[in-house]
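I opened this notebook to record what I looked up in one structure. The entries follow the order in which I consulted it.

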Amino acid sequence: MEEKGKIYGGRALLPVVVFLGLYLGCGIAFTIQGAESAFSYMPRYVAVLIAILAGLLGFEPKRKLSEKLDIYLKGAGSSGVHLLGIIVLLAGGFAQATSAIGGQDSLVNLGITLIPTQFLVPGIFIICCLISTCTGTSMGTQVTMIPIAIAMAQGAGVSSGMAGAAAIAGAYFGDNLSMISDTTIISVKGVDGDMREKFLLNCKIAIPAAIVSIILYVVMGSQSAAGVAQEAGSYNLLTILPYIAVLGLSVAGMDVVLVLASGSVLSLVIGLGTGSIGFFDWAIAMGEGMENMFWLAVFASLVSGMMALVRYYGGIQWLVDKSQKFIKSNKSCQYVVGLLVMAISGTTLNNAVAALISAPVAKDLGSQYKVSNNKLATLLSIFSCAILMVVPHDSGCLLVQQYGGCTYLDILQYAYYPVLLVLFTCITIQFDLFSKKDKKEKEQSV
């Protein structure tokens, strides 16, 4: 039986309110003032540590601090959190090591070479989808591809807003789907789902939305892009093999830790074979990639400990109880989960953090209303990514405006994929699609 302390109800959410208030509130305030890197003035680590202190000192004042620290540490040091840390570190190491042997450049150049010039905008979308799915990062894809996409669009006389919207959508396509994306990993592990099953279910929703988006981009962008020559650098198919191997092994059902380890070793073998890197170059690249993801491993532990305090004092149960006022069925439960993670993602501008915060609530609601863990993971991933494709203050939108000299509305009017992704997800929920296997799994777990 789960240990519980004095029940504070909604007041137990104080740590979450403090964290969001400090991090988001300061970020918005400095943004209004026109400050650069507005969200860096109140670092997320400082905000969450203050929130943790609020959780430790704000409840049961007569109780020993050491006892309350034990509650925090049980959440922060759980086996699931440590496994998540290992996975995100391996994901960062794999992405950087494969990039070091030229894999990411080869993937970009191969895509540009193969895409016919008359399909410039849909080609940008497809390339970004491939890169983000293989690398698991929306930010890396946007930083790499948005300048290229804007330059190609301007040379072709195509709307920079359209090309930018396609690049942003493609970047988040993989962030939502990829098995090495931090958002996917957190969504799956946060609700005890299965990575392979979540991927397959997600594909049934995301791929049709992507296909319709491609058709719309073909219709809107093909004529103005006709006859434009695309310049691509050289590529080596061998350097792309680690990405292909990781995707293949993941779909085959291999444990994600072994998948990422295998992909990293393969990048070393190919790097040594092609002479592109030596062993220590590979080790340095792995280390840099892990350092890039280290913040998430530590932050996940801090947030999990904070949420353990919230749960202990009844905050999660209070949220579940309040949510039930809007939940009448399995379907409405899924809508509430989607809206919750979308709201947090849109305010924090971090889909991984949104999934991390929302997962405990989603799991409790899903258990009560018989929503499978894999479907919950899919909802967390989809809705947390979809909102970031359309909010004006996310990095992708800001990069497009910077490089393309266009307005937010210029981008938003071509944001087909996020709208279609949410629409197809709602259709899936409303008509209970792809649920036979989920129902069997739920019945077996009861």
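The entries below cover a surface patch, the nonpolar cores, one helix and one glycine.

Entry 1, status of the model. I note at the outset that the model is predicted.

Entry 2, the nonpolar surface patch. I asked which residues make the nonpolar surface patch of about 460 Å². I found Leu53, Leu57, Leu65, Leu69 and Leu73. I then looked up the elements that give two or more residues to this patch, and they are α2 (44-57) and α3 (65-76). Helix α3 gives the most, with three residues. I also checked one member separately: leucine 57 is found in helix α2. Leucine 57 counts as exposed because its relative accessibility is 59%, and the cut-off for exposed is over 50%.

Entry 3, the nonpolar cores. I turned next to the interior. In soluble globular proteins, nonpolar side chains tend to be buried together. The largest nonpolar core here has 134 residues, of which Phe19, Tyr217, Tyr417 and Leu421 touch the most other members. Helix α13 (residues 279-312) supplies the largest share of this core, twelve residues. Another core lies apart from it and has seven residues, including Ala97, Leu268, Ile277 and Met286.

Entry 4, tyrosine 417. I asked what tyrosine 417 is in contact with, leaving aside its neighbours within four places in sequence. I recorded Phe125, Ala169, Phe173, Asn176, Ala206, Ala209, Ala210, Ser213 and Met389.

Entry 5, helix α9. I asked why helix α9 (residues 182-190) is described as largely enclosed by the rest of the structure. The reason is that seven of its nine residues are buried. I listed the buried residues of α9 as Asp182, Thr183, Thr184, Ile185, Ile186, Ser187 and Val188. I then inspected both ends of the helix. At the start of α9, the backbone nitrogen of threonine 183 has a side-chain oxygen of serine 181 within 3.2 Å. After α9 comes aspartate 192, and its phi is positive, near 60°.

Entry 6, glycine 338. I asked whether glycine 338 counts as buried or exposed. Glycine 338 counts as buried because its relative accessibility is 0%, the cut-off for buried being under 20%. This glycine lies in helix α15 (residues 330-348). I last looked up its separation from lysine 64: glycine 338 and lysine 64 are 274 residues apart in sequence, and their C-alpha atoms are 38 Å apart in space.

Note on methods:
Residues are numbered from 1 along each chain as its sequence is written. This is a predicted model: local features need pLDDT of at least 70, side-chain atom pairs count only at pLDDT 80 or more; totals for chains, interfaces and linings use all residues. Side-chain values use heavy atoms; hydrogens and water are left out. Patches are made of residues with over 30% relative accessible area and no salt bridge: like charges are joined within 9 Å, nonpolar side chains (Val, Leu, Ile, Met, Phe, Trp, Tyr) within 5 Å. Accessible areas come from the Shrake-Rupley method with a 1.4 Å probe; for residues, only the protein chains shown count as cover. A salt bridge is a side-chain nitrogen of Lys or Arg within 4 Å of a carboxyl oxygen of Asp or Glu. Helices (H or I, at least four residues) and strands (E, at least two) are DSSP runs, numbered from the N terminus. Buried means under 20% relative accessible area, exposed over 50%, partly exposed in between (1.4 Å probe, protein chains only). A nonpolar core is a set of buried Ala, Val, Leu, Ile, Met, Phe, Trp, Tyr and Cys residues joined through side-chain atoms within 4.5 Å. Contact means heavy atoms within 4.5 Å. A polar contact is a pair of N or O atoms within 3.5 Å; within protein, one must be able to donate a hydrogen and the other to accept it, and residues adjacent in sequence count only if both atoms are side-chain atoms.
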